[in-house]
Each structure stands twice: as structure tokens, then as C-alpha cells.
Amino acid sequence: MFHHIAAGLTRSHRWYRHTALLTVLLIIFGGFGPTADHSGVFHSGIFSPQPAVAGPAPPATAPGPGWAHETSDLKPDPNIVFGRLSNGFRYVLMQNRRPENRVSLHLFVHAGSLKETENQRGVAHFLEHMLFNGSTHFPPGELIRYFQSIGMQFGNDANAHTGFNETVYDVILPQGDAQNLENGLLVMQDYAMGALLLEEEVKRESGVILAEMRSRDSAGYRTFKATLTFELPDFLVSERLPIGKATVIRHTDRKLLKSFYDAWYRPDNMVLVMVGDFSIPTAKPLIESRFGPFTARAAAAQPPVLGHIAHQGLQIFYHHEPEAGGTSVSIETIRSEPPAADTAQARHQRMIEAMADRIVQSRLDSRLKAPETPFTSATVGSGTYLNHIRYSDISADSSAEKWSQTLAVIEQELRRALHYGFRQEELERVRKDVLKQLDNAVREAPTRNSTTLARSIIHNIAENRVIRSPEQEESLLAPLVASATLEQVQKAFRDNWSATHRLVLVTGNADLTQASPPSPQAQIRDAFLAAAKVAVSPPEAETATPFPYLPAPADISQVASRDVLADLGITRIQLANGVRINLKRTDYKTNEVLANLIFGHGRSSEPESRPGLGLLAEPTVNESGLGGMDTDKLERAMAGKSTYVDFRIGETYFNFFAESVSDEMELLFQLLYAHIIDPGFRDDALALARERLHQDYQSASRSIEGMLKIEGTRFLAGGDSRFGMPSSFSAIRAIDLADIRNWIIPQLSSAPLELSIVGDIDEATVIELARRYLGALPAKSESNVTMRTTLPHLPAGSIRRIAVDTQIPKALVVSAWQTEDFWDIHRTRRLSVLADVFSERLRERIREKLGASYSPYAFNRASRAYDGYGLFQAYVNVAPDQTSAVLQEVKAIAADLVRKGVTEDERLRAIDPMLTSIKQYRQTNGYWLNSVMTASGRSPQQFAWARSFVDDFRAITVDELSRLATTYLIPERAAAVVIAPKAP
């Protein structure tokens with residue numbers, strides 16, 4: 001389970017660097033379990049990994065009426081206000097002004113799928129759905145309209161999720177004044193005590209939940225369920241996935257839902273969490289007024305017994321999933337552990353364990369591109385899951401034919417660490433990283449995002465952990481990290497793996513049933529035992545290569561021109577050699593610096609003779625590192641640093657994206673300079689990137705969503721190979737390192753450079769560094785790359801039907817209409833609003849009325865690269881036998897918009913949430929970097945667009961939207977893709 005839960009994480013050498021702060025927070029605070037929610041995504045969870053010996057598991061424990069800090073030696077965050085009403089209802093309040101005016105409001109109910117009985121499987125999640133479908137103050141169909149009327153968007157600002165141990169309702173308020181707090185608390189009050197649970201709504205919603213269940217079905221999800229049953233056969237978790245059981249969902253009625261609602265939605269089983277830009281003295285009496293009269297409707301129920309975990313010896317698990325892209329191999333230990341108090345000692349121990357895991361992770365990462373390495377990614381971890389399950393895990397992904405070699409490598413790397421321990425230089429590297437992460441967390445604390453903070457608080461409540469500030473955690477953990485010894489870290493790792501059992505798992509597309517005896521399980525057992533007989537040697541010493549290895553340029557360029565856009569807070573510089581620099585200092589997020597260095601024409605310049613070149617080139621360059629330092633050496637040189645550079649290929653330009661912190665500005669420029677002067681192109685990186693892409697192809701070719709990428713996207717572009725993925729992987733195999741180098745290097749060498757940098761910067765320092773590191777580069781003019789003369793176009797009037805060799809019983813309908821390119825921003829913005837109106841009609845007619853799809857949606861994607869090309873698209877996941885009916889329904893929605901136009905009510909319900917989101921978006925560095933500054937040298941109108949952003953959206957009229965519908969949503973401009981399983 002633990003390997004599959006973590007499978008969504010990118011496991012390249014850059015994974016740890018990119019998620020460094022998240023890693024530390026998870027070490028400190030723990031992790032998240034699987035959830036089902038209204039967003040249409042199955043959250044399989046992320047947590048910081050530890051081991052397992054058999055033992056009885058106690059029943060699940062609720063957070064109870066008290067707070068974790070009341071029974072701990074740890075003090076809570078002093079900026080948080082904790083409250084408890086006389087009925088046991090609790091609340092957590094925290095003022096935070098990022099983003100301004102917004103308030104993140106959440107109702108935590110300590111009741112998830114683990115509270116269900118056998119005949120209630122799925123009821124916790126079903127109930128979560130029903131609370132959007134009728135309550136005391138909001139009749140059926142009115143709650144979402146109410147959200148939209150006060151500037152909130154269903155899905156983004158109003159949502160919910162159900163997990164094993166909790167159900168959480170989310171409301172992100174557009175303002176923090178008393179009236180908006182009243183609005184939000186009224187909704188939360190109805191969630192807590194006002195559910196109507198009307199029988200007709202229950203019957204309708206069962207179809208929606210079955211559609212959700214179908215949309216989540218996949219090879220990965222089936223593997224997850226099978227693996228969970230093996231790992232926890234006598235533990236309730238394996239029988240209580242939040243999505244539930246189809247037979248229960250089909251027969252759920254009001255009585256069943258009401259019994260669960262009354263038993264678990266009690267004042268002493270709930271916590272209200274409010275974080276944001278509001279007044280605590282204003283909020284307290286409002287909470288008292290709404291929830292003070294709340295009384296339990298029924299006696300408290302006894303939670304089901306969780307069961308026990310009793311693994312012994314060597315146990316083998318095999319699960320064949322032919323539609324998976326690759327094979328996963330894992331070695332695990334799992335045992336029961338009684339919930340323990342959150343103490344300083346416990347946090348110390350988790351930190352030491354995480355440092356040990358990180359050393360082994362570095363070893364796995366360093367092996368990735370060695371020619372003999374059989375796997376394409378690997379991970380190691382340990383931790384506590386759901387307060388009761390201790391685990392340790394080492395896992396790797398490979399192609400099907402290399403599963404046994406992969407098993408041998410991870411077994412031997414695990415044994416090497418257990419037998420020989422670690423080297424001092426390995427510990428020092430991890431020590432630097434963790435100390436930097438703790439320091440960064442403190443620096444960034446003043447401008448943390450309210451919703452991120454609220455979710456962290458909720459998670460701590462669910463895990464019965466003390467809610468702490470970054471300053472408190474640094475004070476607690478930094479001395480420990482600084483003084484940690486090899487003996488401590490080695491002991492922690494060995495203790496994590498001290499269980500007397502081993503679980504060995506092989507899952508995915510490796511078919512071990514084809515051979516005559518031995519059985520798949522016997523083959524795996526034999527491979528594991530054979531690997532265990534091979535002697536391992538001590539780890540080799542690491543050698544650190546200093547960075548920078550290139551000398552700094554001797555000459556400092558002059559500033560040729562300087563222009564200040566005072567109203568936008570942007571400074572534009574042009575150096576004497578023609579390099580453009582765009583700067584903006586912000587206080588949106590302390591200690592955050594983002595940068596884009598762009599050049600050339602990106603994927604639009606991909607040669608027709610090399611389809612898929614962009615798909616392979618981007619990961620190859622990133623896995624190559626620099627000419628003078630491969631990724632492993634570069635990673636070691638970056639120990640204790642928070643700056644990284646990624647190569648990215650956009651539609652209209654190539655891009656070195658950089659993320660850094662305020663005190664590493666020179667390092668940022670040194671890295672950019674090295675990537676320009678000495679880019680890396682390595683055969684081992686190409687081989688790794690190609691094999692990963694091959695696994696993606698194998699998975700995509702057997703899935704509905706994957707075949708949209710392989711066939712559907714390119715069809716909607718008239719067959720243009722710059723869209724989607726090549727039909728055959730042979731096109732990718734034909735690409736060599738020379739093709740990648742010959743595409744990128746000429747543009748990097750000759751195309752003008754433009755750097756945009758935004759965040760917590762000192763402008764003078766950045767200009768001085770730019771003059772030195774970029775100003776010394778030779779002057780460049782537009783590259784003479786040959787661009788295609790053909791343009792993508794929608795094959796209007798066509799329907800492409802794609803049959804997929806899959807056992808997953810679901811289908812996808814994509815309806816598309818050709819619109820226009822991006823550059824008329826007035827039109828582009830209005831098409832985005834029209835898409836929101838279309839999405840709402842899809843929700844009302846296909847989800848709510850027909851119950852045919854869980855999360856249908858529409859959007860307009862306008863091209864910046866291709867004149868006249870844009871697509872207005874509607875996506876609907878459906879059952880295979882419903883594709884024709886749904887396609888006709890989507891056409892009917894379009895025809896109705898053409899014939900009758902958009903209503904004023906629809907305009908308001910689309911615009912008001914958009915305006916709220918725009919105001920929040922403008923308070924992020926990402927907006928200013930990506931939407932305003934990047935490529936502004938090519939397109940200076942982006943500055944005018946930033947100025948008109950809010951007012952232009954506010955000015956959109958019904959007539960404008962209706963005219964766009966009449967112009968574009970007509971059959972003459974339409975095409976469709978229907979993807980479904982092959983007929984049996």
C-alpha cells in the first residue's frame with residue numbers, strides 16, 4: 001500500500017529538492033490518508049515514512065473533547081486561539097493575511113469510512129454528497145447557487161472530502177467581515193445539524209456516486225485495493241475504502257444515512273477551523289450563536305473494532321495488472337502500534353528516522369542512471385499511518401522484464417544500509433538540507449497561505465498532534481539535527497527494519513503466469529532469496545565537487561535602458577548585449593523568489609520529422625545536469641541550498657525555470673549561467689527518460705485518458721504532431737541525443753534571452769548579478785530556426801471514435817469547437833467565462849439531472865503560437881453505453897446557448913467567483929511571473945492586460961457572451977472524440 005500511495009510523487013533526483021519543505025513538514029506533522037471528495041480526484045495520500053511487528057490494534061480513538069497539547073510537553077502555536085463550547089463543540093481560530101480578505105473555513109467531523117458498519121460501506125462519503133443537496137436553510141439545488149452569489153466557486157472555494165478517519169467540509173470566504181463570516185457559519189451549521197436527506201435526492205445522488213466510482217476506476221486503483229487487502233487482511237482499513245461498495249450505494253436510503261448522521265455528527269465530535277483575514281473577537285460570538293444550541297440527536301455509537309496485524313516470516317504478494325505501464329517491486333514491514341502521545345521525544349525520533357531514510361533515498365537516486373540499474377525510480381520510507389499502522393518500505397518501478405533484477409537491487413541496498421550503516425559525509429549532506437528547510441519554514445511563516453495553514457491544522461487534529469509554529473519546530477529540532485550522530489541515525493534505520501517478517505510485493509504489468517511451475521509467488525520468493533545470498537559491500541565514499549565550477553565573468557555589462565512601470569511595480573532593464581530583465585519585488589510570500597529565463601520558440605519549432613521530440617527532450621535535459629557536473633554531483637554540491645533550475649518546453653519558448661530564496665541570489669544566477677554556457681546532454685539521461693516515457697506509453701495505450709493524449713489531442717489539431725503524443729513509441733525510439741542537442745543548442749546559442757524574476761528580492765542586487773552573469777554573454781539576434789508553415793486546425797464535422805484495449809468500464813466524450821488564438825484578450829477572457837457557463841450547464845444537466853457523470857467540465861484553450869487556433873472543449877466521463885446520449889446532450893447545451901443565449905443569472909454566477917479568484921491570483925508571485933512578465937519583451941501588451949484584468953472581467957455582458965456562443969458553438973465549427981473500451 002505504502003508504495004502505491006506514494007506513487008504519485010515524482011521520483012527523479014529532483015524530487016527531494018522540489019518538495020523539501022513539504023518533506024520536513026510531513027516528518028514533523030505526519031501524513032494524510034486516502035479520501036474521496038467533490039473535486040473528482042482520489043487523494044491517495046502522502047506521508048512521511050517507519051516498521052512493523054504483529055500485535056493487536058486498539059479501536060480507533062477520536063480526538064475527544066481535549067486538545068493534544070493538553071497532554072503533551074509540547075506547547076501549541078501561540079498565534080492560535082483554541083475554544084470549546086459547553087456542548088463539546090471545539091474551534092480553532094488563527095488570523096492570517098495571505099491572501100488578503102480571504103478566510104479559509106472548515107468543519108472537521110471525526111467520522112470517516114472506518115466508522116461504518118458492513119451495511120454502511122460508503123455511507124460516510126454518500127452523506128458528504130447529500131449535505132450539498134438540501135439542508136435547513138438551503139433547499140435542494142440552492143447551496144451551490146448561494147456560493148456563487150457571494151463570489152465562491154463550487155469545487156475551488158466550496159468542497160468536501162471523506163477519508164478513513166474524517167469528513168471535512170471546506171468554505172473559502174471571499175471576505176472576512178462579519179456578514180461573510182455569518183454566511184460561512186450558516187453553511188457550516190447546516191452541514192453539522194441541518195441535513196434534509198430527502199429520499200428523492202438520495203436516489204438521484206446514488207447515480208452520481210456510482211459515476212464517481214467509475215471515474216476513479218483504474219489499473220492503479222485496482223492495484224491499490226488488492227495490495228491493501230494483502231498488507232492488512234485482518235484490519236478494517238482494507239475493507240473500508242472511502243468510496244464505498246456499489247451494492248450499498250445502490251440501496252442506500254434516507255434511514256441509513258440519517259442513522260450515520262445522527263450517530264457521528266455530534267457537537268463533541270466536531271472541530272471548526274477558521275484561518276484568514278478576519279477579526280477573532282468578531283468570530284467568537286458568531287460561533288457561539290450558531291453552534292452553542294447544537295445538541296446530539298442520538299446516543300454516541302461505538303466505532304467498529306479495527307482488527308489486528310499479524311505478519312510473520314516471508315510473505316509474497318503478486319498482482320498482475322496488464323494495463324499498468326510498468327511493474328512495481330516492494331519490500332515492506334507492517335505492524336500495529338497503539339496511538340502514542342505527541343511529545344518532544346516522539347518528534348525527535350521521527351526526525352532522526354527521516355534523516356536515515358533520506359540517506360538511503362540519496363543512494364537510490366544516485367544509482368538511477370547507471371547503465372546496469374534496472375529501475376526507473378525508487379523510494380524508501382517509514383512512518384505511522386492512521387495512528388495505528390507502523391510501516392517501513394523500499395520500492396522501485398521498472399519495466400516488466402526487469403522485476404527480478406530490481407528486487408535484487410533494492411534488497412541489497414536495504415541490506416547494505418542495515419549491515420554497514422552510513423558514512424559521515426552522507427549524514428552531513430542530509431543535515432545541511434534539513435537545517436536549511438527548517439530555516440526556510442521560519443522565514444516563510446509570515447506569509448503562509450491560509451488554506452494551506454488550515455489544512456495543516458486539520459491534519460494535526462485528525463492525528464491528535466500538537467499544532468506548532470515553524471519557529472517552535474526549528475527551536476525543538478534544529479539542535480537535534482545539528483548534533484545527530486551516525487550511531488543515532490543508523491540505529492533508527494535498523495530499528496525501523498527490526499521486524500522479523502518481510503512482505504515482498506510485485507505488482508503491475510509483469511505477467512508471471514505464463515511459465516509453467518513455479519507459481520508467480522514461488523518465482524518471487526526464489527528471486528528474493530537468491531538476492532539475499534549475494535554479499536554486499538560497504539557504501540563507497542562520496543566525493544563533493546564544488547559549485548560553481550565555471551569562473552565568474554570578468555566583465556560587467558552596462559545597462560542600456562531602464563524603464564519603471566510604477567503602477568505595476570515592475571522594472572524593465574535592457575543590458576548592452578540585448579538581454580532583457582524584468583523585475584518585481586513583492587511581499588506576497590517572504591523568502592520566495594521565482595524566475596523564468598526564456599529563449600527560442602519551444603514546441604512550436606519541433607521539426608515535423610521528429611514527432612515527440614519535445615516530450616523526450618525536456619526530461620533528458622533535466623536528468624543530464626550540466627556539462628561539467630551530472631545530476632548526482634550537482635545534487636551533492638547543492639546540499640543545504642534551496643535553489644534549483646528546471647528546463648521546460650512551452651508552446652512558444654524554451655524556459656529555464658528557477659525557484660530560490662532571498663539569500664541565494666548569486667547561486668541562482670550561477671546556475672542559470674552554467675545552464676546557458678555548459679548545458680548537459682547525456683546518453684544515460686536519454687536512456688532513463690526514454691524508458692520512463694515508454695512506461696507512460698504502455699499505461700496510456702490501455703487507458704481512456706491516455707488514448708486521448710495519444711490519439712485524441714492530435715486529432716483535434718488536425719493531425720499536427722506538435723500536439724499530444726506520437727501514435728507509436730517507435731517515433732520516440734528514433735530520437736537520439738543529437739536530435740535533442742541540434743534542436744535546442746542553436747536556439748540557446750543565437751536566440752535573445754529574457755529573464756523575469758519576482759519575489760522577495762533586492763532589486764539592486766539582482767541587477768548587479770544580471771549585469772555580471774548575463775551581461776557578459778555575446779549579443780544575440782533572432783535564431784534562424786525553420787518554423788513550419790502549416791497550422792493546426794479542428795477537423796470540423798468529424799467524430800473520432802477510439803477503441804481502447806482496457807478492462808476498465810468507462811468512457812470519455814470530448815466535444816470541441818474551434819475558436820480563435822489568444823491575442824485578442826478581450827475575446828479570450830469572455831470565452832473563458834462562456835466556458836464557465838457551459839460547465840455549470842454540464843453540471844446541472846449531466847451530473848445533477850441525469851447522474852451520468854461525476855465531474856463534467858468545459859474550458860477554452862487559446863493558442864499563443866498558432867494564428868487563429870483555439871479550442872472550446874467539453875469533457876464528460878461516462879459509462880460506455882452512455883456515450884451517444886451524452887454527446888447529444890452536450891450538443892443540445894451548445895445549441896441552446898446559440899439559440900437562447902446566456903442569462904444574467906448565469907453571467908453573475910460565473911463572473912462573481914472569477915473576480916474573487918482573480919483578486920487572490922494577483923497576490924501570487926506565479927501570476928506576475930507567468931502571466932505578466934515572462935515574454936513581455938515579445939508581447940508588451942501583457943502589461944496592459946494586467947491593468948485591465950479585474951475591470952475587463954467585471955464589464956463582461958450577457959450580450960457579449962451570447963454573441964460568442966452564436967459565433968463559435970455552432971455545428972460547422974464542431975468536432976468530437978469518443979473514447980471507449982473495445983467491444984468484447
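Hi everyone. Let me start with a term: a salt bridge here is a side-chain nitrogen of Lys or Arg within 4 Å of a carboxyl oxygen of Asp or Glu. Keep that cut-off in mind, because Asp170 and Arg455 pass it, with their side chains meeting at 3.7 Å, N to O. One reminder before we go on: what you see above is a predicted model.

Let's place that pair in the chain. The domain assignment splits the chain into domain 1 (85-292), domain 2 (313-480 + 488-532), domain 3 (559-774) and domain 4 (799-981). I'll talk about domain 1 and domain 2, whose centres, taken over C-alpha atoms, lie 32 Å apart. Domain 1 brings 30 residues to the contact, and domain 2 brings 29 residues.

How much area is buried between domain 1 and domain 2? The value is about 2,500 Å², and carbon and sulfur atoms give 72% of it. On the domain 1 side, please look at Arg98, Phe230 and Glu231: together they supply 23% of the area that domain 1 buries against domain 2, and no other three residues supply more.

Now the polar side of things. Between domain 1 and domain 2 the count is one salt bridge. For residue pairs in polar contact, both at pLDDT 80 or more, the count between these two domains is four.

And which elements of domain 1 give two or more residues to the side that touches domain 2? They are β4 (90-95), β5 (103-109), β7 (167-173), α8 (219-231) and β8 (270-276). Of these, α8 gives the most, with seven residues.

Let me finish with a sheet that I'd like you to find in the viewer. This one is open and has five strands, in the order β10-β14-β11-β13-β12, with mixed pairing. At the edges stand β10 (314-320) and β12 (375-385); each has a single partner strand, so one side of each is left without a neighbour in the sheet. From one strand to the next, the twist averages 15 degrees.

Further in, β11 (residues 327-336) and β13 (residues 389-398) run antiparallel and are joined by ten bridges. If you want one to click on, Ser336 has Ile389 in β13 as its bridge partner. As a general reminder, strands of a sheet pair through backbone hydrogen bonds, either parallel or antiparallel.

Last of all, helix α12 (residues 344-367) packs on this sheet and touches β12 and β13. The direction of α12 makes about 170 degrees with that of β12. Thanks, everyone!

Note on methods: Residues are numbered from 1 along each chain as its sequence is written. This is a predicted model: local features need pLDDT of at least 70, side-chain atom pairs count only at pLDDT 80 or more; totals for chains, interfaces and linings use all residues. Side-chain values use heavy atoms; hydrogens and water are left out. Two strands pair if DSSP finds at least two bridges between them. Helices (H or I, at least four residues) and strands (E, at least two) are DSSP runs, numbered from the N terminus. Axes are lines fitted to C-alpha atoms, for helices over the stretch in contact, and angles run from 0 to 180 degrees between N-to-C directions. Contact means heavy atoms within 4.5 Å. Domain bounds come from an automatic or database domain assignment. Buried area is the accessible area (1.4 Å probe) that two parts lose on being put together, summed over both. A polar contact is a pair of N or O atoms within 3.5 Å; within protein, one must be able to donate a hydrogen and the other to accept it, and residues adjacent in sequence count only if both atoms are side-chain atoms.
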